[in-house]
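User: Please take a close look at a single part of this model and describe its surroundings in a connected account. I would like to know which residues are buried there and what lies around them.

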Amino acid sequence: MALTDWQIALIVIGAVIVVYSLLSAVLLRAPPLPWTRRKRPWPHDTRRIAHRGGSMIGPENTLLTFRRALATGAVDMLELDVCLTADGVVVVAHDASLTRNCGVPRGIPETTFAELPKTARRIPLHFTAPETDVWAAGEEEWAA
């Protein structure tokens, strides 16, 4: 019994529909695409991070501010920023430029560690500080 052209066409169309349906079901449930892979959850219960130690409680990226942030008991993690000087020394600094922190229009990567200027006593903030002057409360520690 020979199959007619119509029967062959129906079998091919049916096979295409079955293969398409199976592939769609498999690929839609677990598509092998890099951007759709499930990410593992962060293993730590971190909710509050003190960015730069907390710019509102003292000079950013300083031990004084990190100690103050930890003393509050309100942070789970401290965050700091680092840059490399021209001679390869790692320094703690949020900006790669010395303009805001030191008033010197030069970049940290173009400056050697020995040439780095002192940090300004006050670093401008881009948001409103609290009513009390929390910076002045630690002047002795900051100067040390």
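Analyst: In this predicted model, the helix α2 has five residues to consider: Leu64, Thr65, Phe66, Arg68 and Ala69 are buried in it. Immediately after the helix comes Gly73, which has a positive phi, near 70°.

Beyond this point the chain passes through the loop between α2 (63-72) and β2 (77-79), where Asp76 is found. Asp76 has a relative accessible area of 38%, and because this value lies between the cut-offs of 20% and 50%, the residue counts as partly exposed. Its C-alpha atom is 5.9 Å from that of Ile49, although Asp76 and Ile49 are 27 residues apart along the chain.

The largest nonpolar core of the model consists of 6 residues, namely Cys83, Val91, Ala93, Leu98, Cys102 and Ile108. In soluble globular proteins, nonpolar side chains tend to be buried together. Val91, one of the core residues, is in contact with Asp81, Val82, Cys83, Thr85, Ile108, Phe113 and Leu116, leaving aside its neighbours within four places in sequence. Cys83 and Ile108 are thus among the contacts of Val91 and also belong to the core.

A further loop, between α3 (99-102) and α4 (139-143), contains Ala114. Ala114 has a relative accessible area of 75%, and it is classed as exposed because this value is over 50%. Ala114 and Val89 are 25 residues apart in sequence, and their C-alpha atoms are 9.9 Å apart in space.

Key. Residues numbered from 1 in each chain as written. Predicted model: local features only at pLDDT ≥ 70, side-chain atom pairs only at ≥ 80, totals over all residues. Heavy atoms only, no water. Helix = DSSP H or I, 4+ residues; strand = E, 2+ residues; numbered from the N terminus. Buried < 20%, exposed > 50% of the residue type's maximum accessible area, 1.4 Å probe, protein only. Core = buried A, V, L, I, M, F, W, Y, C linked by side-chain atoms within 4.5 Å. Contact = heavy atoms within 4.5 Å.
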